[in-house]
Amino acid sequence: GGAAFELADTLLQPVLRDRTPTSAPFPVGAPPEVKGHLDDWYFSQILRDFYPQVIEVEPERALKLLCYKLKRLVRLQQGARVQEEIDSSFIWRPAIEDTGQTVRVEEIGNSLITSIRDAGERCLREDGQAATRFLDFLVDLKYTIFGRLELHFLRAESELFDQRVSQ
């Protein structure tokens with residue numbers, strides 16, 4: 001369990017990378033982009049093919065790790081902007097659900113959201129107490145993307161929605 005989390009924590013860490021020079025006649029230094037340590041395709045494959053086994057072992061811990069990676073990605077994208085809670089996720093991920101609107105599915109932000117969505121839906125169906133803790137955790141992360149994920153989960157699980165509204 002512990003070694004798998006350490007490896008995932010390292011491999012799935014978003015980092016800033018310099019963009020490759022463009023072929024423009026007057027190349028201007030483009031701002032760095034947020035990427036993973038691995039190419040986007042490998043990053044998405046790890047999340048799709050291997051991380052579900054980590055989630056099986058400790059669902060809450062595994063989901064939180066993914067959320068922290070997404071939070072880091074959003075922070076790096078924003079740079080030094082002041083309004084911390086507002087992110088641009090609605091531009092690069094217009095819908096949380098799988099609608100076919102997602103472009104660049106293997107980009108690390110989309111891969112993280114898809115993994116959080118899929119694992120979160122399963123966790124919410126299987127464990128009511130963990131579901132409430134996870135939704136509270138999402139609210140505490142503050143960024144727009146986490147509010148959108150919470151709304152997605154509440155829409156998918158009407159019993160949870162009723163519980164949260166009555167509180």
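**Helix H2 and its surroundings**

Let me begin with the packing of helix H2, whose buried residues pack against helix H1 (2-11), strand E2 (33-35), helix H3 (59-78) and helix H5 (108-126). Please keep in mind throughout that this is a predicted model.

H2 itself covers residues 40-57, which makes 18 residues, and from its first C-alpha to its last it reaches 25 Å, close to the 26 Å expected at 1.5 Å a residue. The helix nevertheless bends by about 50° at Tyr 51, and a proline, Pro 52, follows within four residues. Tyr 51 is also one of the buried residues of H2, a list that includes Asp 40, Phe 43, Ile 46, Leu 47, Val 54 and Ile 55.

That brings me to the nonpolar core. The largest one has 41 residues, and those touching the most other members are Tyr 51, Leu 70, Ile 116, Leu 138, Ile 145, Phe 146 and Leu 149. At least two residues of this core come from each of H1, H2, H3, H5, helix H6 (128-140) and helix H7 (144-156), while H3 gives the most, with eight residues. To take one member, Ile 116 touches Leu 63, Leu 66, Cys 67, Leu 70, Phe 134, Leu 149 and Phe 153, if we leave out residues up to four places away in sequence. As general background, nonpolar side chains in soluble globular proteins tend to be buried together.

Now to the charged side chains: how many salt bridges does the structure hold? There are nine salt bridges, and I will go through some of them. Asp 9 pairs with Lys 69, with their closest N and O atoms 2.5 Å apart, and this pair links distant parts of the chain, since Asp 9 lies in helix H1 and Lys 69 in helix H3, 60 residues apart. Is Lys 69 buried or exposed? Lys 69 counts as buried because its relative accessibility is 4%, whereas Asp 9, at 34%, counts as partly exposed.

Returning to H2, the side chain of Asp 40 meets that of Lys 35 in a salt bridge, at 2.9 Å from N to O, and Asp 40 has a relative accessibility of 18%, so it counts as buried. A further salt bridge joins Arg 48 and Asp 49, whose closest N and O atoms are 3.1 Å apart; here Arg 48 is exposed, at 54% relative accessibility, and Asp 49 is partly exposed, at 33%. Finally, Glu 56, Arg 122 and Glu 126 are linked in a network of salt bridges.

How values were computed
Residues are numbered from 1 along each chain as its sequence is written. This is a predicted model: local features need pLDDT of at least 70, side-chain atom pairs count only at pLDDT 80 or more; totals for chains, interfaces and linings use all residues. Side-chain values use heavy atoms; hydrogens and water are left out. The expected span of a helix is 1.5 Å times one less than its number of residues. The bend at a residue is the angle between axes fitted to the seven residues ending there and the seven starting there. Buried means under 20% relative accessible area, exposed over 50%, partly exposed in between (1.4 Å probe, protein chains only). Contact means heavy atoms within 4.5 Å. A salt bridge is a side-chain nitrogen of Lys or Arg within 4 Å of a carboxyl oxygen of Asp or Glu. A nonpolar core is a set of buried Ala, Val, Leu, Ile, Met, Phe, Trp, Tyr and Cys residues joined through side-chain atoms within 4.5 Å.
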